[in-house]
Amino acid sequence: MKTRVAIIGAGISGASIARVLSRYENLEVHLIEKAPDVGWGVSKANTALIHGGYDDDPEKYPVRARLCIRGNRIWHQWVKELQIAHVWNGALIVATKEEDFDELEKLLERGRKNGVPEMRIVEGDELFHLEPGLTKEAIGALWVPIVGQIAPIPAVIALVENAVANGVKTHLETEVTGIKVENGEVKGVETNNGFIEADIVINAAGLYADKIARMAGIDYFEIHPRKGEYYLFDDDVPGPRRVLFPTPTPVSKGIVVTTEVSGHMMIGPNAQDLPPEEKEDFATTEEGLREVWEGARKLWPNLPPKSKVIRTFAGLRPEPTGGDFIIKAEEEVQGFINVAGIRSPGLTSAPAIAYEVAEIIQRDLGVKLVEKERWNPYRKEITHFFMLPPEKANEMVKRNPAYGKIVCRCNHVSEGDILEAIERMKFIGVKTPSVDSVKFRTKATTGTCQGSFCRPRIVQLLAREYGVEPWKITLKGRGSEIGIGDVKALLRGDEA
Amino acid sequence: MEPMPQIPMLSYDVVVIGGGPAGMAAAVKAKELGLNVLLLDENDYLGGILPQCIHPGFGLHYFKEELTGPEFASRLARRMVELGVEYRTSSRVLEIRNYSDLEKVVIFTSPAGVYQAWAKAIIYAAGARERHAFEIGIVGDRVAGIYTAGEAQTLMDVYGILPGKEIVIVGSGDVGLIMARRFALEGAKVKAVVELMPYPGGLARNVMILKDFNIPLYLSHKVVEVRGRGRVQRVKVVKVDENFNEVPGSEFWIEADTLVISAGLVPSVKKLKKIGVEIDPATGGPIVNDRLETSVPGIFVAGNSLLINDLVDYVAEQGELAAEAAKEFIDKGGIESRNWVKVEKGENVRLIAPHYLSGDRDVHLYLRVARPMEDVEVRVPEIGKRLRLPVVKPAEMIRLKLKAEEIQKAGEKLTVEVVGA
């Protein structure tokens, strides 16, 4: 008899849990997500950092402090197994005033307590050797070599592809409407697509983890969104080599200046607390972006002109009551596990959270986990034409001419890459074709022109492969269709 | 730089990058001059942006006849085929390498594979891209229904998709105005054209479109924010003062499902920058001499990669000039170095090209003013040249012909200024 597990939320936490649980013979794992694709919630818009684990106070936030450093170590292995784009470039937490050193000493001390290796304070020539473009106001920095960056949505996609390859079932566009509890035990999950039976329900619902918990009768915490805004610059703008933080304040790690994995300089985020009900407010604001600009300029005085901005965006971090991660089996509802309040450093901690959940299932729910005889830890990254050396490219083109044809001119994404992305969308159960699903897998539309040349061509490919009319292709799921009908629809009076 | 024995090699006199009007005119002329030419274009069809420009207004100078975009493109394409110009579509340039003056390599990919095309000269005619919503600082929700004008045009006129029914257009340049008409003709409601400047940005004949279709024009206004869930629902417009600062309390919302951005074009020159071609910040294109040769010998540029043109006829003219120059370059082993006359921007000249003149030939200078003026003279004081014009506008490029003997009188530099007559 298999134990049926329902994971609510296919973000970085839910996907990591699905992957870890896919290893066990006696679990049947269902991954439930209301969006049309995975990784579109909290995981979508953040600083994409694999943090060093030095800034969470183990007294105040013991779970964060413990899981962050553990997560960092596991990511070093997972990025290889799952072929996730990454860079281990290290971070500098920069002091510009004498009194900042007190804070840096505190972080150093805390980092040592949390088990962070190789940290030290650097000054003078060494500092500017590590980061030549840093503000001349800098007088020292805490150097944390284990900090890195990954591409967060591609990471979720990689995890889910691997989980599905190992037998996990996905339910996309499936919104949880209720949790069925009988005699203090969970029995399953009610959704807009019917009932999903489960012996264990794992609540990894991000911003909505409080709402899901309340469906099971658990209401001791609330999640409010904290908005952060970002700028992304064109890839010909020289950015820093390291991740640059200012010396943190009690509320925030501060505005980061970095060069993200695909080579674009990025600055952000600010931090604006929103009321709990504003969980859909992903709008950027003039004030927020101005704050980011001013903040970033303190570390990186040579900010490019605004004409080099290729994108601005906002993300919401789920701030829980109490501030620490809530990861536990709830005693009053047998089989219900909360993975809630996974704010920063959630991306870093995700793999550690997943192992923690496996342990909770075994230790607290008494399910003895039996490893599969054959479990595949590996997942092959999608072909990126722009990364192929020419002779490799020619081998690909010989097999399939679509690989020789460039669709996204800014990033050299080929038609072959896009067809592969569509295949992989179908593999994990993406039903509603969207340009964003292709974008997150291939990087098409993310370059200098922001898709104005390639989006119409991607729409054609999606329409063909999914067998729908091109105007019904969406940007990011239902309600975001590319058009309202064919070009004569209004004149005929029969718009879609 | 490494040679690449692994990739199939082709060899030509000239490789033309880009199959729009500049590239096609260049390829035709080069072939007529007896050069061995290859033209590369990334699209599945020749013509560049022209096949989606289904409106008339093309060709009056070049073909002495008014044509639509597709007609203009097909005439050049037909000429290419008649002459037997070799061309490859669906072929995207990955990299340009400059080994020496007469040894250049264009690495491109195509459905037949990745190739290296060796050439003595390159004519770069890759066009321009449009500025997008993020670049002009629009904040708010990142939703469906935000298109550049060119993208909306591609959707409608290449793929037959209608993007929306209630439209706000940012920018009153030609492309924005033409798209306003296009949407109106298909039954959509164009609710506003919003222009940052205190005057419209397009050619007078296109500004007429607004009257014809009863479309409101907001001058000295800008769109600052978009809101919606999934799709655009409304856009926020605000008035600006003469310094382009927002006027407090002047904001208002327009309900719309589509926002079309027509905020200007930027020459596509990234690949040229990578090999060290010097760029003029005013035009956004390369600094060139009167052969349209860039700062890298043997690399010529024409069309919207050189500077943003408002007539396709000038674009084609530049293509021909670049081809003639490539011929001279190959025959003589280089464009002779000399004491070039430097062209300088004077009063009310925002941009001008070419930047250096030889004095051994007549040239057309292409320039734009910074602000509109009535009853002006375009003057070149060093040579006493004057051209009287009833009106000048930033939207309308001025083409000023200088004769070789005039340029010879100039000395080290000549200044072009636009002043009251």
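This passage describes the fold of chain A, a sheet in chain B and the interface between chain B and chain A in a predicted model.

Chain A contains 13 helices and 24 strands. The C-alpha trace of chain A extends over about 65 × 60 × 45 Å along its principal axes. For a chain of 496 residues, a compact globule would be expected to have a radius of gyration near 23 Å, and the value for chain A is 23 Å, so the two agree.

In chain B, an open sheet is built from 5 strands, arranged in the order E11-E19-E13-E14-E15, with parallel pairing. Its edges are formed by strand E11 (146-148) and strand E15 (217-218) of chain B, each of which pairs on one side only. Within this order, strand E13 (residues 166-170) and strand E19 (residues 258-261) of chain B run parallel and are joined by 4 bridges. In this pairing, Val170(B) of strand E13 lies opposite Ile261(B) of strand E19.

The interface was examined next. The extent of an interface is often expressed as the accessible area that is lost when the parts come together. Between them, chain B and chain A bury about 4700 Å², of which 53% lies on carbon and sulfur atoms. The contact involves 57 residues of chain B and 60 residues of chain A.

Charged and polar interactions also cross this boundary. The rule identifies 8 salt bridges across the interface of chain B and chain A. A salt bridge links Lys270(B) to Asp234(A), with a separation of 2.9 Å between the closest N and O atoms. In addition, 22 residue pairs are in polar contact across the interface, both residues of each pair being at pLDDT 80 or more. On the side of chain B that touches chain A, the greatest contribution comes from helix H3 (residues 149-157) of chain B, which supplies 4 residues. The residues on this side of chain B comprise 23 nonpolar, 15 polar and 19 charged residues.

Strand pairing likewise connects the two chains. Strand E24 (residues 485-486) of chain A pairs with strand E12 (residues 161-162) of chain B in the antiparallel sense, over 2 bridges. Here Asp486(A) stands opposite Ile161(B), a residue of strand E12 of chain B. The links between chain B and chain A thus include this antiparallel strand pair, the 8 salt bridges and the 22 residue pairs in polar contact.

Definitions and conventions:
Residues are numbered from 1 along each chain as its sequence is written. Chains are lettered from A and ligands numbered from 1 in the order in which they are written. This is a predicted model: local features need pLDDT of at least 70, side-chain atom pairs count only at pLDDT 80 or more; totals for chains, interfaces and linings use all residues. Side-chain values use heavy atoms; hydrogens and water are left out. Contact means heavy atoms within 4.5 Å. Buried area is the accessible area (1.4 Å probe) that two parts lose on being put together, summed over both. A salt bridge is a side-chain nitrogen of Lys or Arg within 4 Å of a carboxyl oxygen of Asp or Glu. A polar contact is a pair of N or O atoms within 3.5 Å; within protein, one must be able to donate a hydrogen and the other to accept it, and residues adjacent in sequence count only if both atoms are side-chain atoms. Ala, Val, Leu, Ile, Met, Phe, Trp, Tyr, Cys and Pro count as nonpolar, Asp, Glu, Lys and Arg as charged, and the others, Gly among them, as polar. Two strands pair if DSSP finds at least two bridges between them. The radius of gyration is taken over C-alpha atoms; the globule rule is 2.2 Å times the number of residues to the power 0.38.
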